[in-house]
Amino acid sequence: MRPFCIRMRPMDLSDRYIRNQSSISVEEQQRLTDCCVLVVGAGGLGGHVLEGLVRIGVGHLMICDPDVIEASNLNRQLLALEGALGRPKVEAARERAQAINSAVELRTWQAAFPTPELVDALSGCDVVIDCLDSLEARQTLEARCHRAGVPLVYGSIAGSYIYFGISTPRNPLVAGQIGARTSLDKQLGNPYPTVAIAAGLQLQLALSVLLGRPTPDRGFYVLDLSDLTLDFVELM
Amino acid sequence: MVLVKLFAFFREGRGKEVEVDWHEGLTAGEVIDDLGIEREDVQILLINGRHRKPETVLEDGQKLFLFPPVAGG
């Protein structure tokens, strides 16, 4: 009887980014491998945003979140699996990122922004993506990004509604917002389509910033998925 | 006249835009009250594209944009 033998062949990943073209040229793809993005929050938006960045091939990624995975996350969060309940979200993020694209470098912090280390890391980024879930936390993050001169891709959701845009010192999006009571917002919940689409929109804006493509100058977008209306709100 | 533009669920039962009569001393907060919106439910208040507070006095012909809290992630 001949011995049973399995030969492992090295994986050929040369076609990994072939379907990014022509949305992302070969030269742009190369540039993305040198880019650094910080994702703040690894929940609904953060999990999807990280997934996108890893698959797109952004070379240096960082993510922070203090929380562990809970049952209430299962409806929408990519990192939330039944078998992962109770595990830190950033640990799940690390495993998933590594499983998808081992060429990407990912640093994780099981911590809420800001910590001194995170503030320091932020200043070396090309873009920061806001995947937080409160106005107060967003205002802190925006202030730190503006101080460091790093563009912030803003995104927030409730029900079928998405507010999103690119915040810069010239286009502050969160600082002037009022601390409204959020009971109405919470009642609407965060359904899956809204989360996935909002993350996709944030990814598209982040990509535009990273590749130096035109971005909206002064203002932000409001999308209502219930009737598919998109408004661009111009700021003075 | 002040043009009020509403966003997200503020549109429910009110529509996208409402025109309200202007008078001297009219504040954004009074317009919010007249629309049946609780002032503490307004997360973004813009007057002619600038962030303002409900206490701000409106001028004739200004545009008031109101946004409810949408803060999840």
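In strand E2 of chain A, His60(A) is the bridge partner of Cys36(A). This pair belongs to a set of five bridges between strand E1 (residues 36-40) and strand E2 (residues 60-64) of chain A, and the two strands run parallel. The model is a predicted one. For the complex, the predictor gives an ipTM of 0.95 and a pTM of 0.94. The average pLDDT of chain B is 96, and 100% of the residues in that chain score at least 70.

E1(A) and E2(A) are part of an open sheet of eight strands, whose order in chain A is E3-E2-E1-E4-E5-E6-E7-E8 and whose pairing is mixed. Strand E3 (105-109) and strand E8 (229-234) of chain A are the edge strands, each of them paired on one side only. From one strand to the next, the twist averages 15°.

Helices pack against this sheet and against each other. Helix H2 of chain A, residues 44-56, lies across E1, E2, E3, strand E4 (127-130) and strand E5 (152-158) of chain A. Its direction is at about 170° to that of E2(A).

Helix H1 of chain A covers residues 26-33, and Glu28(A), Gln29(A) and Leu32(A) are buried in it. Viewed down the axis of H1(A), the buried residues fall within an arc of 105°, so they line one face of the helix. Val26(A) and Gln30(A), on the other side of H1(A), are exposed. Among the elements that cover the buried residues of H1(A) are H2 and helix H7 (192-210) of chain A.

Leu32(A) also appears in the largest nonpolar core, which has 46 residues. Leu32(A), Val37(A), Leu53(A), Val58(A), Leu61(A) and Ile129(A) are the residues with the most contacts inside this core. H7(A) provides the largest share of the core, eight residues. The surroundings of Ile129(A) can be followed in detail. With neighbours within four places in sequence left aside, Ile129(A) is in contact with Val37(A), Leu38(A), Val39(A) and Val40(A), with Val49(A) and Leu53(A), with Leu152(A) and Val153(A), and with Gln202(A) and Ala206(A). A second core, separate from this one, has 19 residues, including Leu135(A) and Leu173(A) as well as Phe9(B) and Val70(B).

Elsewhere in chain A, Ala97(A) sits in helix H3, residues 89-100. Its relative accessibility is 8%, under the 20% limit, so Ala97(A) counts as buried. Residues up to four places away in sequence not counted, Ala97(A) touches Val54(A), Ser102(A) and Leu106(A). Cys35(A) lies 62 residues from Ala97(A) along the chain, and the C-alpha atoms of the two are separated by 16 Å.

Chain B has an open sheet of its own, with five strands in the order E2-E1-E5-E3-E4 and mixed pairing. At its edges stand strand E2 (17-20) and strand E4 (50-51) of chain B; each has a single partner strand, so one side of each is left without a neighbour in the sheet.

How many of the five residues of strand E5 (residues 63-67) of chain B are buried? Four are, and the strand is mostly covered. Strand E1 (residues 2-6) of chain B is joined to E5(B) by four bridges, and these two strands run parallel. One pair here is Leu6(B) with its bridge partner Leu66(B) in E5(B). Strand E3 (residues 44-47) of chain B is also joined to E5(B) by four bridges, but this pair runs antiparallel. In E5(B), Leu66(B) is the bridge partner of Leu45(B), while Phe65(B) stands opposite Leu46(B).

Finally, a loop residue of chain B. Thr27(B) is placed in the loop between E2 and helix H1 (28-34) of chain B. Is this residue buried or exposed, at 13% relative accessibility? Thr27(B) counts as buried, because buried means under 20% relative accessible area. With residues up to four places away in sequence not counted, Thr27(B) touches Pro54(B), Glu55(B), Thr56(B), Val57(B) and Leu58(B).

Technical notes
Residues numbered from 1 in each chain as written. Chains lettered and ligands numbered in written order. Predicted model: local features only at pLDDT ≥ 70, side-chain atom pairs only at ≥ 80, totals over all residues. Heavy atoms only, no water. pLDDT = per-residue confidence, 0-100. Pairing = 2+ DSSP bridges. Axes fitted to C-alpha atoms, helices over the stretch in contact; angles between N-to-C directions. Contact = heavy atoms within 4.5 Å. Buried < 20%, exposed > 50% of the residue type's maximum accessible area, 1.4 Å probe, protein only. Arc of directions from axis to C-beta. Core = buried A, V, L, I, M, F, W, Y, C linked by side-chain atoms within 4.5 Å.
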